[in-house]
Amino acid sequence: MELSPFPFQGPLDPRQVRGRDDLLADLARRIAERRVTALVGPRRYGKTTVLRRLASEKGRTVVWVDLYEVTSIADVAARFDQALAVSSGGVFGSLIERIAATLSVNLGVLRIDLRGPARDRPDPALSLSALLEVLVTAASRHQTLLVIDEFSFVSRIPEAAGMLRTALQHHYRELGIVFAGSQPAMMRTLFTSRSEPFYGQADLVEIGPLTQPALTEIIQKGFTSTKRKPGPVARIVYQMTDGHPMRAMQYADRCWTETPQGAVATAETAVEALDQLRRSEAEPLERIFSSFTGSEKALLRSVAVSGSVYGAEAALLGVLGGAAARARRKLVDSGDFIETGTGVKITDPFLADWIRGRFPL
Ligand SMILES: Nc1ncnc2c1ncn2[C@@H]1O[C@H](COP(=O)(O)OP(=O)(O)OP(=O)(O)O)[C@@H](O)[C@H]1O
Ligand SMILES: [Mg+2]
């Protein structure tokens, strides 16, 4: 069984990362200069992939905390506990263990303790403080990169953001810190709104789509390293996906699967692959579409067809004025729309394609 050179589910293996050299160099410089950084971009744009690559660089010690769908202080504490527990082993691991022992923190068991009988249950806020203390004490003795992925979920628990800020702020010189998250507006708010604990505490760095040269190189290499020729695939995939990283890989993967070893892909290969993808994605895309409100759906249709939220299509669909402006704002905030110089576009090129196929105007 041959492995596809174009994986599209979950973050890539650090060794497979291509086309992000500038961003990686920028992030590495920021970490070296101890500038707290927040990496912002829509879903499936490759944020975790880039961070994993950074984290895998030789000589780095990393504490990686994933706050995906956190719901409470206890949950946040458990994620930090887990992150520190997996750092065990090696010089840093034994440092962490020693410091934890000094502070009477038992690593790796918090989630179990928090589920125990009420009278034995540790206080989640105190537990989180103690874990943060372990982290910053270790970092003051051993250069550490702290990655907090899916940071935007912290907005659900304002107390947790406050505690993180309090614990970390005196250690910005010692720790390299990178936050990452989707929900672009929430990420921006967390760092640019005066009422937020992390107001003004990090530089925001945007992750963009893959450029055409980057995508072309990825597709060329993926085909040739598996004894195939991509023909026009790179150009067609870029045209269809605008460099959306996950969608581009998904489409490239289909084209690749359609091309036997030793063969050259053609325009027909790309057409057939797109047909297959349209069929297999129709149901998930329909579910995504139906999760939007009425005005949002109308705006999505208008943008998919005419590229505009204010044009004749929008008028035809009856979204105008305040309702249109509000829906537009919401879709930009959630990352479902991307603002271009002149207007907005739908972030997911396959959603746009599905809408055009489903609602021809
Ligand atoms: N540098 C890259 N080169 C090629 N494909 C990439 C690259 N980065 C990401 N991708 C594609 O995008 C997919 C999603 O990547 P990743 O999980 O890192 O994104 P993310 O922004 O963290 O997504 P999420 O919002 O779901 O956390 C990968 O499976 C891969 O197909
Ligand atoms: Mg991610």
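Biologist: Which atom of ligand 1 is 3.1 Å from a polar backbone atom of Y45?

Modeller: It is an oxygen atom of ligand 1 that is 3.1 Å from that backbone atom of Y45, and I should say at once that this is a predicted model. A backbone atom also takes part at P7, where a polar one is 2.7 Å from an oxygen atom of the ligand. At T48, by contrast, it is an N or O atom in the side chain that is 2.8 Å from an oxygen atom of ligand 1.

Biologist: How many residues surround ligand 1, and which are the closest?

Modeller: The ligand is surrounded by 23 residues, of which P7, G10, R44, K47 and T49 are the closest.

Biologist: K47, T48 and T49 also appear in helix α2; how many residues of α2 are buried?

Modeller: For reading a helix, the general idea is that an α-helix has 3.6 residues a turn, so residues three or four places apart point the same way. In this structure α2 is mostly covered, with 7 of its 9 residues buried, namely K47, T48, T49, V50, L51, L54 and A55. These buried residues pack against α1 (21-32) and against the strands β1, β2, β3 and β4.

Biologist: In what order do the strands of the sheet run, and is their pairing parallel or antiparallel?

Modeller: In general, strands of a sheet pair through backbone hydrogen bonds, either parallel or antiparallel. Here 5 strands form an open sheet in the order β2-β3-β4-β1-β5, and the pairing is parallel. The edge strands, each pairing on one side only, are β2 (62-66) and β5 (203-206), while neighbouring strands are turned by 20° against each other on average, direction ignored. To take one pair, β1 (residues 37-40) and β5 are joined in the parallel sense over 4 bridges, and V205 in β5 is the bridge partner of L39. Helix α2 (residues 47-55) packs on this sheet, touching β1, β2, β3 (144-149) and β4 (175-181), and its direction makes about 160° with that of β2.

Biologist: Which residues touch the most other members of the largest nonpolar core?

Modeller: That core has 50 residues, and those touching the most other members are F80, L146, F151, F179 and F191. Helix α6 (residues 124-141) gives the most to this core, with 8 residues. A second, separate core of 42 residues includes F6, L277, L331 and F359.

Biologist: Leaving aside neighbours within four places in sequence, with which residues is F80 in contact?

Modeller: With those neighbours set aside, F80 is in contact with V65, L128, L131, L132, L135, I148 and L164.

Definitions and conventions: Residues are numbered from 1 along each chain as its sequence is written. Chains are lettered from A and ligands numbered from 1 in the order in which they are written. This is a predicted model: local features need pLDDT of at least 70, side-chain atom pairs count only at pLDDT 80 or more; totals for chains, interfaces and linings use all residues. Side-chain values use heavy atoms; hydrogens and water are left out. A nonpolar core is a set of buried Ala, Val, Leu, Ile, Met, Phe, Trp, Tyr and Cys residues joined through side-chain atoms within 4.5 Å. Buried means under 20% relative accessible area, exposed over 50%, partly exposed in between (1.4 Å probe, protein chains only). Helices (H or I, at least four residues) and strands (E, at least two) are DSSP runs, numbered from the N terminus. Contact means heavy atoms within 4.5 Å. Two strands pair if DSSP finds at least two bridges between them. Axes are lines fitted to C-alpha atoms, for helices over the stretch in contact, and angles run from 0 to 180 degrees between N-to-C directions. A residue is near a molecule or strand if one of its heavy atoms lies within 4 Å of it. A polar contact is a pair of N or O atoms within 3.5 Å; within protein, one must be able to donate a hydrogen and the other to accept it, and residues adjacent in sequence count only if both atoms are side-chain atoms.
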